Amino acid sequence: MLGKLIKYDMKSISRTLIPLWILAPVIALLFSGSIRWLIGATGYAVQNTVGNQALMQGSTVVAGIVMLVFFGVMIAILVMTILFVIQRFWNGLLKEEGYLMFTLPVETWELVLSKGICATVVGCISSLAAVLSCVMIAVGAIGAADDIWRQIGSLIGYIVEEEGVFWWSWCVVLFVVLSIAGIAESVYRVYAAMALGQLFEGHRVVGACVSYIGIGVAWSVISGIFMMAVTVLAPQWVYFFNGENAGMFSAFYLLFLLLVTILQIVVWHLITVHILSRHLNLE
Amino acid sequence: MGEILIQCQDVWKYYGKKEALGGLNFQLSSGRIVGLLGPNGSGKTTLMKVLNGLLHPERGMVLIDGETPGIYTKSVVSYLPDKTYFADWMKVSDMFDLFQDFYEDFDREKAEQMCDVLQIQTNQKMKTLSKGTREKVQLILVMSRRAKLYLLDEPIAGVDPAAREFILATILNNYNPEGTVLISTHLIADVERVLDEVLFIQNGKVVRQEMVDDIREKEGKSVDELFREVFRTVPYGGGAADVR
């Protein structure tokens, strides 16, 4: 049943976000091209002829317009992604659509998990589209892009030579997994806040916003106390900061962050499912 | 008399401090059409929500086909809420796909035939349909299931008399005769002729449960007349207005 729920949640994305995901890299490519054109035009303009001045001005205008469009699309991706995550949960489970979803023969955790998976996928693809677009612009904006890639390559080679490939490979894997978990955590935190917010009869939106802030503050206090306890009880951990085994330390640190993030996801999920199972308050 | 389909024993539900159901007791058998009748705010919608698992009672026992509300009961209950529940992006055919995927008892062919009769295009988006057409699609979805229990919450409220006729005819022509239909309403006169049994509910309690034929034979009254008698309130200033 979870697969069927995900199918319907994913279907609702296709109409809004897919065009933006395609549009961002395409505009980034145009932007990148227009910057290269601008650089080329500047070279000609050194000769200071009237024609070359006009060419330079024209290419500046084109680059400016493409840049504006690009930033517009990036903001649109960000806003649409956040709106999508909030709206699909709010409208899909807590408003009229809830009468359909909560009477389907499925468990409440399946409804929440389906929305969570779908929103995480949306968050990941939006982030990927944004990163890809930025890389495209960077390649266009920096003429010596080949040099940069070469330098990145030699940096990786140096690290591998010094530290061995094992720990740094783990770091890369853990970083990717942590990024995905971070997106899922953000999604679930919003879900828990909305689930709490629907309990505030007549002030559901305000309740959700207050709950979101409350959850953030509560988590900061708990993690602060935990970190203080760790510092007091295990001062020998400082040993890892000496830089001799940075790869291993980084991997373990990322693993620790990943476990904490997974713990957060589980806690927000359980809060959301409990409230929606026992205290559902449909409009 | 069929098997017991719904059992409610000492069911209590609160909204904050307000009591919505106050120790509700009743049983319903399968194979009949039952009217859940009561004035506004008497607890009809709350009871419907408790029966289909949207709300959890604070106390008491609710059994449908011998099970507490959960996945099994949701698979045998066909619920028509008093709101339309469609997502804007969905087409009529998307809703049919969804029902086909989740309910084994959904008869897609029947649903499509009903749409044909009403000239509703299944490739139309929900947001392009009028409110009345959306309500009809919802009714089609609910009545195209061969459910054990149909919970219809105010199906004829807020519609014109012709639409009421259509809704009642759709219910009568399409429900599973082995199942039970529980219709909540306060428009008694319109539904009276289709009912086998009535439950009168007031302040979250069942105040009367009778077979419709018994009311007519023993008391010589229509259900509408009995309803007015049971729920009569004296207006401010005294007297009574006959608004029939």
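Tutor: A residue is called buried under 20% relative accessible area, exposed over 50% and partly exposed in between, with a 1.4 Å probe and protein chains only. The model discussed here is predicted, and local features need pLDDT of at least 70, side-chain atom pairs count only at pLDDT 80 or more, while totals for chains, interfaces and linings use all residues. Residues are numbered from 1 along each chain as its sequence is written, chains are lettered from A and ligands numbered from 1 in the order in which they are written, and side-chain values use heavy atoms, with hydrogens and water left out.

Student: Why is A:Cys118 called buried?

Tutor: The relative accessible area of A:Cys118 is 2%, which is under the 20% limit, and therefore the residue counts as buried. B:Cys115, with a relative accessible area of 1%, is buried by the rule as well.

Student: What makes A:Cys118 and A:Cys124 too far apart for a bond?

Tutor: A disulfide is a pair of cysteine sulfur atoms within 2.5 Å, whereas the sulfur of A:Cys118 is 11 Å from the closest cysteine sulfur, which belongs to A:Cys124. The distance is over the limit, so A:Cys118 has no disulfide partner, and over all chains the count by this rule comes to 0 disulfides.

Student: What makes A:Glu185 and A:Arg189 a salt bridge, and where do the two residues lie?

Tutor: The rule asks for a side-chain nitrogen of Lys or Arg within 4 Å of a carboxyl oxygen of Asp or Glu. In A:Glu185 and A:Arg189 the N to O distance is 3.0 Å, so the pair qualifies. Both residues lie in helix 7 (residues 165-197) of chain A, 4 residues apart, which is about one turn of the helix; helices (H or I, at least four residues) and strands (E, at least two) are DSSP runs, numbered from the N terminus.

Student: Are the two partners of that pair buried or exposed, and how do you know?

Tutor: A:Glu185 has a relative accessible area of 8% and A:Arg189 one of 14%. Each value is under 20%, and therefore A:Glu185 and A:Arg189 are both classed as buried.

Student: How do you know that B:Arg108 and B:Asp97 meet in a salt bridge, and which parts of the chain does the pair link?

Tutor: Their side chains come to 2.6 Å, N to O, which satisfies the 4 Å limit. The pair links distant parts of the chain, B:Arg108 being in helix 4 and B:Asp97 in helix 3 of chain B, 11 residues apart. B:Arg108, at 17% relative accessibility, counts as buried, but B:Asp97, at 24%, counts as partly exposed. Not counting residues up to four places away in sequence, B:Arg108 touches B:Ser93, B:Phe96, B:Asp97 and B:Gln100, where contact means heavy atoms within 4.5 Å.

Student: Why is B:Arg193 called exposed, and what class does B:Glu165 have?

Tutor: B:Arg193 has 52% relative accessibility, which is over 50%, so the residue counts as exposed, whereas B:Glu165, at 45%, is partly exposed. The side chains of B:Arg193 and B:Glu165 meet in a salt bridge at 3.2 Å, N to O.

Student: Why is B:Met211 called partly exposed, and which residues is B:Met211 in contact with?

Tutor: B:Met211 has a relative accessible area of 30%, which falls between the two limits and therefore gives the class partly exposed. B:Met211 has its place in strand 9 (residues 205-211) of chain B and, leaving aside its neighbours within four places in sequence, is in contact with B:Arg32, B:Asp196 and B:Glu197.

Student: How many salt bridges cross the interface of chain B and chain A, and what makes A:Lys7 and B:Asp101 one of these pairs?

Tutor: The rule finds 2 salt bridges across the interface. In A:Lys7 and B:Asp101 the closest N and O atoms are 2.9 Å apart, a value within the 4 Å cut-off, so the pair is accepted.

Student: How much area is buried between chain B and chain A, and what does buried area mean?

Tutor: Buried area is the accessible area (1.4 Å probe) that two parts lose on being put together, summed over both, and for chain B and chain A this comes to about 2,500 Å², of which carbon and sulfur atoms give 64%. B:Leu54, B:Trp89 and B:Phe102 supply 29% of the area that chain B buries against chain A, more than any other three residues. The contact takes 26 residues from chain B and 25 residues from chain A.
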